[in-house]
Amino acid sequence: MATGTAAATKARRAAGTHLPAYVFETGEDLARHVARIVAGIIRERNALGQSAVLGLPTGSTPVGVYRELARMHREEGLDLSAVITFNLDEYYGVTPDQLQSYHRWMHEQFFSKVNVKPENIHIPRGDVPLANIDAYCREYESEIERAGGIDLMILGIGGNGHIGFNEPFSVRNSRTRLCTLDPVTRRAAASDFFGEWNVPTQAITMGLGSIFDARKILLLALGEHKAPIIKEVAEGSVTPRVPASYLQEHSDATVLVDTAAASKLTSSETPWALGNVEFNEALIKRAMIWLCDKTGKSLLKLTDDDLRQHGLHQLLRHHGPAPKIAHAVFSHLMHTIEYHPAGKEKKKVICFSPHPDDDVISMGGTLIRLVEDGHEVHIAYMTSGNIAVFDHDAQRIADLVTEYNRMFGIDTERSLLVESTVHEALDRKIPGGCDIDAVQKIKALIRWGEAKAGAYKVGAKEEHLHNLDLPFYRTGTIAKKPISDEDVQIIKKLIEDVKPDQVYVAGDLSDPHGTHRVCAQAIFRALEQIENEQGSRPEALLYRGAWQEYELHEIEIAVPLSPGDILQKRKAIFMHQSQKDEALFPGSDPREFWQRAEDRNTGTAARYNQVGLPEYFAMEAFTRWNGVPI
């Protein structure tokens, strides 16, 4: 499409949706496509001597779009000088220069990199006096009208279905206004403000009526954590409980998602329910496991009638009878069970851990097994994780060091100065503010010490632990820099120095901070460079566990764990004391990380047993990276 379809992109149209929905292989493909649509509208308006009027969101989802538009401006001469922009929302009580301000975010991520005129940029201000709010919001609406209305509105979506900050049960024809934030929304924003207690309770937002007045709307979503709400929006009924569902009533609204966010759509989850499909090995496996769930039977108890009664006539006709299909799937799943994930011959492996605790949380049991099997196990900690440490922990360590130095007469004067500096900095720190360098370093040391303690618990040796401290993460804030070649080269050098046979990569794309996805992309770039230069690369296995687990049909390797393995893994997780009992960024899951890990590991084992395979106490699951970006 020039500006309205996904014809020229790597995308498929999702069948069975009330809203047009296109599924892109990767978030990068989606970003490039949206940027082309935006650029097409801008060029079209420029040619007519008119202004393109854009409605813009913030958050992690549109970052790729803004980066691609900036590239097009820089390299292709895309001229945004006549563009007029209106942002959707802003937290109330936040000043434009504050770390979490959408004013600041938009300028850092986009406006500073293109030539939109400052007078054409409109972002709601969060510091308007309460007495002036109503008049200010009416004027914001008037500005949109004077611009001629919004040509293209780009939206993200919250886990509760909000668009802008129009929370569930917002009025359908509402306009720009001050609103109260839903608890779900405030929890989702907790990491941006260094704790849910710092998140404002109100925001200024364009109303649903304001949004739906746009001539064209694109709703974007990335990641598995958005899959349930995307299914409701695209396939469910229109309901005030899910404000984004009103998009079904818009004349030109489209949903654009990556494969992870599309995973709950019928066309992805149960495509056979929509009509004829090509049943390949992967789809057969998915269908038969789904049938086990529907019937409550194990694989080898399924009958031809079970397939007929659940709409799998085509599968039965072309691949039946049922026992033949079931046995093939059973055999495949049996072959995924692997006690020795790196084999029995001595090898070298690297586990890449995005945060300092992902290694033991997500694959601690497998690390135990790899060490027991005699492999040389390296663990590479990719970021410091320092932003996830509470201030009181940093203060406690500063006090401890001072007392230690005083006790042994070691540079007491300097120690007292550091202690005083840390205390003063933390006392002056505003809620959600950034730490000074000294505090950041103390917090990084806390995480590094915990990472080493956890690694020792699973049997890793100190000389095989690598603190990469990748540059992209070193901002002291939630917002990170894009992955650069410097990050990739650090990873590449480690792989070339160690020469591993296997590397383990975090594929947990529901990580709310986005660090897992960014780290995985950097590792893949390094592996691709190595393969291009040397003709081969180490085997790459993807793990999950902190935020989500692989579905049974996705698993390619499942490592059985005993009760003793799980207990040892739990003790390794407990070494991360700064994340124990109450983590700074726990996400929406109220359980502690060790509880999540154990529930997922025992849950995976239970799933294997439910479809008729041997019963194990727990399992850690992996898939193989096939060279496709994520």
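**Exercise 1.** Work out how helices H1 and H2 of this predicted model pack against each other.

*Solution.*
Step 1. Start with the handedness: H1 crosses H2 in a right-handed manner.
Step 2. Find the axes. Helix H1 spans residues 27-47 and helix H2 spans residues 63-76; their axes come within 8 Å and cross at roughly 55 degrees.
Step 3. Classify the angle. H1 and H2 are therefore oblique to each other.
Step 4. List the contact. H1 brings Ala31, Arg32, Val34, Ala35, Val38, Ala39 and Arg43, and H2 brings Gly64, Val65, Glu68, Leu69, Met72 and Glu76.
Step 5. Sort these residues by class: 8 are nonpolar, 1 is polar and 4 are charged.

**Exercise 2.** Repeat the analysis for H13 and H19.

*Solution.*
Step 1. The axes of helix H13 (residues 358-372) and helix H19 (residues 563-574) cross at roughly 120 degrees and come within 9 Å.
Step 2. H13 and H19 are therefore oblique to each other.
Step 3. The crossing of H13 past H19 is right-handed.
Step 4. From H13, the contact uses Val360, Ile361, Ser362, Gly364, Gly365, Ile368, Arg369 and Glu372. From H19 come Asp565, Gln568, Lys569, Ala572 and Ile573.
Step 5. The classes are 5 nonpolar, 4 polar and 4 charged.

**Exercise 3.** Describe the second largest pocket and its lining.

*Solution.*
Step 1. The volume of this second largest pocket is about 270 Å³.
Step 2. Its lining has 19 residues. Nearest the centre lie Ser384, Asn386, Gln440, Ala444 and Asp469.
Step 3. Helix H16 (residues 437-457) gives the largest share of the lining, 8 residues.
Step 4. By class, the lining holds 7 nonpolar, 7 polar and 5 charged residues.

Methods
Residues numbered from 1 in each chain as written. Predicted model: local features only at pLDDT ≥ 70, side-chain atom pairs only at ≥ 80, totals over all residues. Heavy atoms only, no water. 1 Å grid on protein atoms, 1.4 Å probe; cavity = no way out; pocket = protein on both sides within 12 Å on 5 of 7 lines; lining within 4 Å. Points joined across faces, edges and corners; volume = space filled by probe spheres on them. Helix = DSSP H or I, 4+ residues; strand = E, 2+ residues; numbered from the N terminus. Nonpolar A, V, L, I, M, F, W, Y, C, P; charged D, E, K, R; others polar. Axes fitted to C-alpha atoms, helices over the stretch in contact; angles between N-to-C directions. Parallel < 35°, antiparallel > 145°, perpendicular 65-115°, else oblique. Left-handed = near helix turned anticlockwise from the far one by under 90°. Contact = heavy atoms within 4.5 Å.
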